[in-house]
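Me: I would like to understand how the words used to describe a protein model are justified. Could we go through some of them slowly, setting each value against its cut-off?

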Amino acid sequence: MGHTATPEAHSSGLTATEHRLANGLRVVLSEDHLTPVAAVCLWYDVGSRHEVKGRTGLAHLFEHLMFQGSASVKGNGHFELVQGAGGSLNGTTSFERTNYFETMPAHQLELALWLEADRMGSLLTALDQESLDNQRDVVKNERRQRYDNVPYGTAFERLTALAYPDGHPYHHTPIGSMADLDAASLEDARAFFRTYYAPGNAVLAVVGDIDPQQTLAWVEKYFGTIPAHDGKPAPRDGSLPEVIGGELREVVEEDVPSRALMAAYRLPEDGSRAGDAADLALTVLGGGESSRLHNRLVRRDRSAVTAGFGLLRLAGAPSLGWLDVKASSGVELSAIEAAVDDELARFAAEGPTPEEMERAQAQLEREWLDRLATVAGRADELCRFAVLFGDPQLALTAVRRVLSVTPEEVRAVAAARLRPDNRAVLLYEPTGGGQGAEVDEAGEDDDQDQEGDEL
């Protein structure tokens, strides 16, 4: 087992050490003795971008199958053992990764490591047609409940399909289609596991009240005997021109509570300085109740009940700037769209004020600190930077890059990317008689998680 250690703390005394097993598994450890808990986070470098046409949804389906038993743990035993030991657990799937995580009392860390190793090494022995059919039905029902049968539920799927052309690896979302889920065979699932669920395609992070030497001994004991496998194909190229080149527009007539304007702008990839500048731009424009769009549409014009602008960060393809505006009663979407374009044009010309820049950087810094403040959040960030960018240590210095971005860089990325010819647009028109929503006291509604699907 080889390893390298972080020479100095990168942020607030936080450190991490990196190790690699002979079978290729990367291991990242970070001690934190503030509370007697430990987080285990395992990222596999596989998501919906690795799927092929006709077999969408396999990555998410397999996330569910990973909780259906393995050689030593039958049925629902993974949940029962973790929760019986006082821990919590889940898994999620996104375009670019699938992850599994447990937060345990520190003295139960070995149990979590054994459970993760057992299903990585032996899931195929327990995977049968009954398990596949059972979890296929669960995923299809999840799609009905979270996408097909809720207001605006398919908005993200529609905009993704518009923003990324047919045949692009990000053209479809992790949930997959009903037809493809029905078409998935037991051999499809087994081949998917053999290809992607290998030690060399994973990063394991353990963070919290741990003894690093003992933790590494457990990792070697339970994961070290899993055979290496290098049969994973390279992901398809996700690069695209910086600008779409023309607005893509779709009118959706559905039984929704109010008219809505939603749009996706093609923005720089995650991990780049321009990507950080784009994040700051969207924070100024639509990140909360102090943002420009909220002040213009909700407070001043009262043409909308909500107005938000957020960044879906992607490393293997252009990121998406996600605009979501719900109209007030009786307001036409054309008026809202004109106001949005006016604000974006003004921002592209003038850039952020010093106060807006300071507030946006403080907001992103706070979000970064919140993620690192918990052992589970830090484990997830260490895995993220290891899988997507090759270096978990970047998780501990990410905020420095955000704080070094200049107002001119923020203005420039807005001028180059936040343009009408660089967006996909959905216009929701209610069919049930409603034309808009009344403003409630909070002026908020609940939006669908765009990142991935939890179990």
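The questions and replies below take up the strands, the salt bridges, the burial of side chains and the largest cavity in turn.

Reply: Please keep in mind throughout that this is a predicted model.

Me: How do you know that strands β2 and β3 pair?

Reply: Two strands pair if there are at least two bridges between them, and β2 (residues 17-20) and β3 (residues 26-31) have four bridges in the antiparallel sense, so they count as paired. Within this pairing, His19 stands opposite Val27 in β3. The two strands form a hairpin with five residues between them, and Gly24 in the turn has a positive phi of about 105°.

Me: What makes the contact between Arg143 and Glu157 a salt bridge?

Reply: The cut-off is a side-chain nitrogen of Lys or Arg within 4 Å of a carboxyl oxygen of Asp or Glu, and the closest N and O atoms of Arg143 and Glu157 are 2.8 Å apart, so the pair counts as a salt bridge. It links distant parts of the chain, with Arg143 in helix α4 (residues 129-148) and Glu157 in helix α5 (residues 155-163), 14 residues apart. The structure holds 41 salt bridges.

Me: Why is Arg143 called buried?

Reply: Buried means under 20% relative accessible area, and because Arg143 has a relative accessibility of 8%, it counts as buried.

Me: How are Arg296, Asp301 and Arg300 classed, buried, partly exposed or exposed?

Reply: Arg296, at 13%, is under the limit for burial and therefore counts as buried. Arg300, at 58%, is over the 50% needed for exposed and therefore counts as exposed. Asp301, at 32%, lies in between and therefore counts as partly exposed. The side chain of Asp301 meets that of Arg296 in a salt bridge of 3.0 Å, N to O, and Asp301 also forms a salt bridge with Arg300, where the closest N and O atoms are 2.9 Å apart.

Me: What makes the lining of the largest cavity two nonpolar, five polar and three charged residues?

Reply: Among the lining residues are Val284, Ala360, Glu356, Arg292, Arg359 and Gly287. Val and Ala count as nonpolar, Glu and Arg as charged, and Gly as polar, so the classes can be checked residue by residue. This cavity has a volume of about 70 Å³, and the structure holds three cavities of 30 Å³ or more. Helix α12 (354-373) gives the most to the lining, with four residues.

Conventions. Residues numbered from 1 in each chain as written. Predicted model: local features only at pLDDT ≥ 70, side-chain atom pairs only at ≥ 80, totals over all residues. Heavy atoms only, no water. Buried < 20%, exposed > 50% of the residue type's maximum accessible area, 1.4 Å probe, protein only. 1 Å grid on protein atoms, 1.4 Å probe; cavity = no way out; pocket = protein on both sides within 12 Å on 5 of 7 lines; lining within 4 Å. Points joined across faces, edges and corners; volume = space filled by probe spheres on them.
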